[in-house]
Amino acid sequence: MTKKFVVLLFLLLAVSTLLCAQTPGTAPSGGANWPVPVSAGFSMAIASGLCGLAQAKAIAACAEGMARNPGAAAAIRFALLLGLILIESLALYTLVIIILKVS
């Protein structure tokens with residue numbers, strides 16, 4: 001990347017917080033808070049779906065790797081478990097954020 005592009009990108013990111021700043025408004029009325037639970041449901045569905053796809057891909061790759069090289073099964077299994085933990089943490093973090101935001 002050129003130096004001008006990097007400087008322009010830095011300036012854009014530095015100024016974007018000032019451009020998007022808002023003054024605090026009044027609290028929403030009783031019926032105006034409906035988008036929060038709806039968007040929470042959509043975000044949990046998207047996070048769970050993507051986690052399921054990623055876990056299926058990881059397990060398929062692990063099974064293929066163990067079939068090709070049975071001697072490295074222990075290292076492949078460790079990498080699989082670590083990857084599955086990190087993938088599942090996406091859904092758990094999304095759930096925690098939803099619980100904190102909706103309630």
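A helix, as the word is used here, is a DSSP run of at least four residues, and helices are numbered from the N terminus. The structure described in this report is a predicted model.

**Overall architecture**

The secondary structure of the protein consists of three helices and zero strands. Read from the N terminus, the order of elements is α-α-α. The protein has 103 residues, of which 12% count as buried. About 8300 Å² of the protein is exposed, and carbon and sulfur atoms supply 76% of that area. Among contacts with a separation of 6 or more, 72% come from residues 24 or more positions apart.

**Helices α2 and α3**

Helix α2 covers residues 35–68, and helix α3 covers residues 73–102. The 34 residues of α2 should span 50 Å at 1.5 Å a residue, and the distance of 49 Å between its end C-alpha atoms agrees with this. For α3, with 30 residues, the reach from first to last C-alpha is 43 Å, close to the expected 44 Å.

Each of these two helices contributes to covering the buried residues of the other: the cover of α2 includes α3, and the cover of α3 includes α2. In α2 the buried residues are A40, A47, C51 and C62. In α3 they are A73, L80, L84, I87, S89, A91, T94 and I98.

Two of the residues in α3 may be considered individually. S89 has a relative accessibility of 18% and therefore counts as buried, since the cut-off for this class is under 20%. Its C-alpha atom lies 9.0 Å from that of C51, although S89 and C51 are 38 residues apart in sequence. T94, also found in helix α3, is buried with a relative accessible area of 15%. Leaving aside residues up to four places away in sequence, T94 touches S43, M44 and A47. Of these contacts, A47 is itself listed among the buried residues of α2.

**The salt bridge**

The structure holds one salt bridge. The partners are R68 and E64, whose closest N and O atoms are 3.1 Å apart. Both residues lie in helix α2, four residues apart, which is about one turn of the helix. R68 counts as exposed because its relative accessibility is 68%, the class beginning over 50%. E64, at 43%, is partly exposed.

**A nonpolar surface patch**

W34, V38, F42, I46, L50 and L53 together make a nonpolar surface patch of about 700 Å². W34 is situated in the loop between α1, residues 3–19, and α2. With a relative accessible area of 58%, W34 is exposed.

**Accessibility of selected residues**

The table gathers the residues discussed above for which a relative accessible area is stated.

| Residue | Relative accessible area | Class |
|---|---|---|
| W34 | 58% | exposed |
| E64 | 43% | partly exposed |
| R68 | 68% | exposed |
| S89 | 18% | buried |
| T94 | 15% | buried |

In summary, the predicted model contains three helices and zero strands. The buried residues of α3 are covered in part by α2, and those of α2 in part by α3. On the surface, W34, V38, F42, I46, L50 and L53 make up the nonpolar patch, while R68 and E64 form the salt bridge.

Notes
Residues are numbered from 1 along each chain as its sequence is written. This is a predicted model: local features need pLDDT of at least 70, side-chain atom pairs count only at pLDDT 80 or more; totals for chains, interfaces and linings use all residues. Side-chain values use heavy atoms; hydrogens and water are left out. Patches are made of residues with over 30% relative accessible area and no salt bridge: like charges are joined within 9 Å, nonpolar side chains (Val, Leu, Ile, Met, Phe, Trp, Tyr) within 5 Å. Accessible areas come from the Shrake-Rupley method with a 1.4 Å probe; for residues, only the protein chains shown count as cover. A salt bridge is a side-chain nitrogen of Lys or Arg within 4 Å of a carboxyl oxygen of Asp or Glu. Buried means under 20% relative accessible area, exposed over 50%, partly exposed in between (1.4 Å probe, protein chains only). Contact means heavy atoms within 4.5 Å. The expected span of a helix is 1.5 Å times one less than its number of residues.
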